[in-house]
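Thanks for coming. Please have a look at the model on the screen before I go through it.

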Amino acid sequence: MEFTNPKDAQEAGIVIVHQELNMMNHLTVAQNIFIGREAMSGKLINDKKMNEEAEKLFQKLNIKIDPSEKMGNLTVGKQQMCEIAKAISHDAKVIVFDEPSAALTEAEIEELFKIIRDLRDKQLGIVYISHRMDEIKVITDRVTVMRDGGYVGTLITKESTKDDIINMMVGRVIYEDPKTQSNVPKDAPVVLKVEHLNAGKMVRDVSFELHKGEILGFSGLMGAGRTETARALFGADPMDSGDIYVNGQKVTIKSPMDAVKYGIGYLSEDRKRYGIVVQKSVAENSTMVDLDNYVSGIFINKRKKMKLLYSM
C-alpha cells in the first residue's frame, strides 16, 4: 500500500497515539474523538449522539471519563486514554504508541498497559515505541532495536535480558554499579525548606527539606497532590498557608516570577500546555524567563539572546 497522508493510513486501519497529545482543550471529550467526522442532525452537530458513541468506546476500554467534559479539564493520563479511544473509533487494525508513558504516573502507566493488553487480546497489532527498558520488558512480545536511524536486530522479549537490549542500542557492553549510598555530605546546607504548606484541597500540611547537591523525589498515586505541591511552591497556584525558606531566608512566593527571582525553576509534566509557547522560537522560549536581561530600551536584543544560546 502507499500512503500520501495520515488520512490514507487511518482508512487502512493504521492509527497513531502521539507522545505530544493532539487535542483541542476548548472542545469536549466526544467532540475531540469525532473531530472531522461529527454526527449530524441536518445541518447541526448532534452532540448527544457523539456522547453516546464516546461512552460506548470508554465502556469497551473500561475507562471512566465523562464524554461531555472539556478536554482541557482532564489530567494528562485521561487525555491519553481519550487519544486511545479516538484511535479505536477509526476501526484500527494497527495502533502505534509513540512513547505514550512520557508524562504519565506509574498508576496511569499500569492502566495504559491493561488497555494495550486488552487490545492485543482482541487481535489488534501494537507498535510500542519507548526508551524505558522496564516498560519494554513488561509490555512487549518482541523487541526491535534501532540505532542511528538503522535497524540493528530483533529479540524475543522473554528470551532476552535488559542488558542484551542495551548492548544492541549502544553497540557495546555497559557496566554500571548500582548506587549504594548518597553522594551528598551529611552536613550539606539546606537550600530549600518548606514548613506546613497548605494549598487548595490536595496539599495539606506538607513539610520537607532539600539539601545542596541532593535529589529529592516525591511519589504517590494519581491525585495524591505531588503536582499541586510543586505548583504551589512555584507560585503557579496560590498557597493558603505555610512558610518557604531559600538558603535559610524566609521568602514570599505569590507568582512564578517570584519563584524565578529566588532561583526556583519548574518543569511541568504537561510540557506542551504549561512548559512552552509553541508559537514562539526556541530562542524566545529559552530566554523568556529572564527577558529583562535581553532588553535594550524598549527593544529586545536578539543578538545577545542568540549569543547566550550558542554558548550553552
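I will talk about one helix and then one sheet.

This is a predicted model, where local features need pLDDT of at least 70, side-chain atom pairs count only at pLDDT 80 or more, and totals for chains, interfaces and linings use all residues. Residues are numbered from 1 along each chain as its sequence is written, and side-chain values use heavy atoms, with hydrogens and water left out.

The helix is α5, residues 106-121; helices are DSSP runs of H or I with at least four residues, strands are E runs of at least two, and both are numbered from the N terminus. At 1.5 Å a residue, counted over one less than the number of residues, its 16 residues should span 22 Å, and the end C-alpha atoms are 23 Å apart, which agrees.

Which residues of α5 are buried? They are E108, I109, L112, F113, I115, I116 and L119, with buried meaning under 20% relative accessible area, exposed over 50% and partly exposed in between, for a 1.4 Å probe and protein chains only. The buried residues of α5 pack against α3, α4, β4, β5 and α6, where contact means heavy atoms within 4.5 Å. The face turned away from the buried side of α5 carries the exposed E106 and D121. Just after α5, Q123 has a positive phi of about 75 degrees.

Now the sheet. It is open, with 4 strands in the order β9-β8-β10-β11 and antiparallel pairing; two strands pair if DSSP finds at least two bridges between them. The edge strands, β9 and β11, each pair on one side only. Strand β10 is joined to β11 by 3 bridges, and V246 has Q249 of β11 as its bridge partner.
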